[in-house]
Each structure stands twice: as structure tokens, then as C-alpha cells.
Amino acid sequence: MTENRRSTDNHSVMTAVSALLGQAERDHQELLRSVVDTARGLFGAAAASVFLLDAETDELVFEAVSGAGEGHLVGERFPASRGIAGWVLAAQEPLVVGDLATHPTFARDLAETTGYVPRSLMAAPLLRGEEPIGVMEVLDPVPSTVSPLGAAELLSLFAGQAAIALGVLRRSRTAHRLLVQEDGEPTGLAEVARLLDSLGADRRAAGLNLLGSVHRLLSLAG
């Protein structure tokens, strides 16, 4: 295969991969936005947000915001160990706080950096199995006839939907990092996949067997 042909194939593969992963990213961001919009409307709240845990930096990242701060908070970060969200992430339990001014876990300084300081708050962990991957918060919900326990259960239902979308987003971004370098060129893994796809059935099976042996060897070494 000529270098020009290989470059053209790589470009086609990367274009297809980027389009597929990009569409998945947009679809699940829209789903997250729908979840926070619905939760904010149902609770009559000032705002609702979904945070994704960045395990590498130990930070929570705003992934979707409805209401106060929706124009500037997406992508903002704060330490995952602080505030009500940090407590909920670590405890893996929902929390309803009617008066934040008297709650010892509330980090008022963090709230001030967002441009909105709530008086009350509801939060629930986003779980994939037993793994915490984020937090959902609802700020200043309108008091209702629903008990705090009932409100926490209702919020947990929204959190379950958000966790599914957030889990797909996270896997999509991981796949993108594995297949596409920062400069848009394919990674070594993407090149191996392209080469395997270009082989005949027998040689492809032999290649997959070889990769399986390498995987087992590396697993033993780890």
C-alpha cells in the first residue's frame, strides 16, 4: 500500500470515528440538558446541574446546567472533596438541606464563584454500579407537600437517567482519546485496528489471536 493510500484511508477512518463519537457526545449532552431542565421545572427550582467526576484531577466538572448559571458554568471545575456535592459523592447517598446557612458542609465560597448562592439544596450521587461518577444538584426547590425523603427518592430517579447519559459520554471521550491524537492523527491503536480490518479472514483471526496473547502477557506482568 502506498503512503498516499494509507494517508487517505487514515483520514477516512478518523473522519468517520470523529463524526460517530461527536454525534454520541451531542446526543448525550442533549439528554443531560433535558434531565436538568425537567428536574428544575418539576421542583420549581432556581437551577439544576449535573457534575462529572474527573478522577485524574479529583475535580467535579459542570456537564449540564439549567437555570442560574447555565450561560457560563458548563466546563467549570471545583475540588471533588468540597461542599455538599463532595459529601454526596463520597457518601454515595442523596442529601436534602433546607437551610444551607447552618449546614457545616456547605462551601459558601465555592457557591459565590458560580454567581449564585442558594438557600436550600437537594443532591444525589450519579452511580454506575457501585462506582460514583458524578453528582446531580437542584438549587432552591419550591417547598411542596412532598416530604424530604420523597423528594430525595424523586431526585434519585432523575440521577439514574443522568448517570446513564454521563456513563456513555465518559466512554465516548475515552474511546476518542484512545483512537485520535490531539493533532487529529490516528493513534497506534487506531492504526492497528485499520490494518486488522484490511486483512483477509484468516490473517485477521491470526492477528486477533496475537493481540489476545499480548493482552494476557501484559495482564500477567501488571
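**View 1. Asp54 is a buried acidic residue in strand E1 of this predicted model****.** Its relative accessibility is 18%, so Asp54 counts as buried, the cut-off being under 20%. Strand E1 is where Asp54 sits, and this strand covers residues 47-54. Arg170 is 116 residues away from Asp54 along the chain. In space, the C-alpha atoms of Asp54 and Arg170 are separated by 9.7 Å.

**View 2. Arg77 and Asp54 form a salt bridge****.** The closest N and O atoms of the pair are 2.9 Å apart. Arg77 belongs to strand E3, residues 77-79, and Asp54 to strand E1, so the bridge ties together parts that are 23 residues apart in sequence. How accessible is Arg77, the partner of Asp54? Arg77 has a relative accessibility of 42% and counts as partly exposed. Asp54, in contrast, is buried at 18%.

**View 3. Arg82 and Asp109 meet through their side chains in a salt bridge****.** The N to O distance is 3.0 Å. Arg82 lies in the loop between E3 and helix H2 (83-91), while Asp109 lies in helix H3 (residues 108-114), so this pair ties together parts that are 27 residues apart in sequence. Arg82 is partly exposed, at 32% relative accessibility. Asp109 is partly exposed too, with a relative accessible area of 40%.

**View 4. Arg108 and Glu112 form a salt bridge within helix H3****.** The closest N and O atoms of Arg108 and Glu112 are 3.2 Å apart. How are the two residues spaced along H3? They are four residues apart in the helix, so about one helical turn separates them. Arg108 is partly exposed, with 49% relative accessibility. Glu112 is also partly exposed, at 46%.

**View 5. Arg33, Asp37 and Glu70 are linked in a salt-bridge network****.** Which residues make up this network? Arg33, Asp37 and Glu70 are its members. For the structure as a whole, the count of salt bridges is seven.

**View 6. The largest pocket holds about 400 Å³ of space****.** Its lining is made by 27 residues. Nearest the centre of the pocket lie Phe62, Phe78, Leu110, Ala111 and Thr114. Two or more lining residues come from each of E1, strand E2 (59-67), E3, H2, H3 and strand E6 (131-139). Which element gives the largest share of the lining? Helix H3 does, with four residues. By residue class, the lining has 17 nonpolar, six polar and four charged residues. The elements of earlier views return here: E1 is the strand of Asp54, and E1, E3 and H3 each give two or more residues to the lining.

**View 7. Val192, Leu208 and Leu211 make a nonpolar surface patch****.** The patch has an area of about 230 Å². Leu208 has its place in helix H6, which covers residues 201-221. Is Leu208 buried, partly exposed or exposed? Leu208 is partly exposed, with a relative accessibility of 47%.

Note on methods: Residues are numbered from 1 along each chain as its sequence is written. This is a predicted model: local features need pLDDT of at least 70, side-chain atom pairs count only at pLDDT 80 or more; totals for chains, interfaces and linings use all residues. Side-chain values use heavy atoms; hydrogens and water are left out. A salt bridge is a side-chain nitrogen of Lys or Arg within 4 Å of a carboxyl oxygen of Asp or Glu. Buried means under 20% relative accessible area, exposed over 50%, partly exposed in between (1.4 Å probe, protein chains only). On a 1 Å grid over the protein atoms alone, a cavity is a set of points where a 1.4 Å probe fits but cannot get out, and a pocket is an open set with protein on both sides within 12 Å along at least five of seven lines; lining residues have an atom within 4 Å of a point. Grid points are joined across faces, edges and corners, and a volume is the space filled by probe spheres set on the points. Ala, Val, Leu, Ile, Met, Phe, Trp, Tyr, Cys and Pro count as nonpolar, Asp, Glu, Lys and Arg as charged, and the others, Gly among them, as polar. Patches are made of residues with over 30% relative accessible area and no salt bridge: like charges are joined within 9 Å, nonpolar side chains (Val, Leu, Ile, Met, Phe, Trp, Tyr) within 5 Å. Accessible areas come from the Shrake-Rupley method with a 1.4 Å probe; for residues, only the protein chains shown count as cover.
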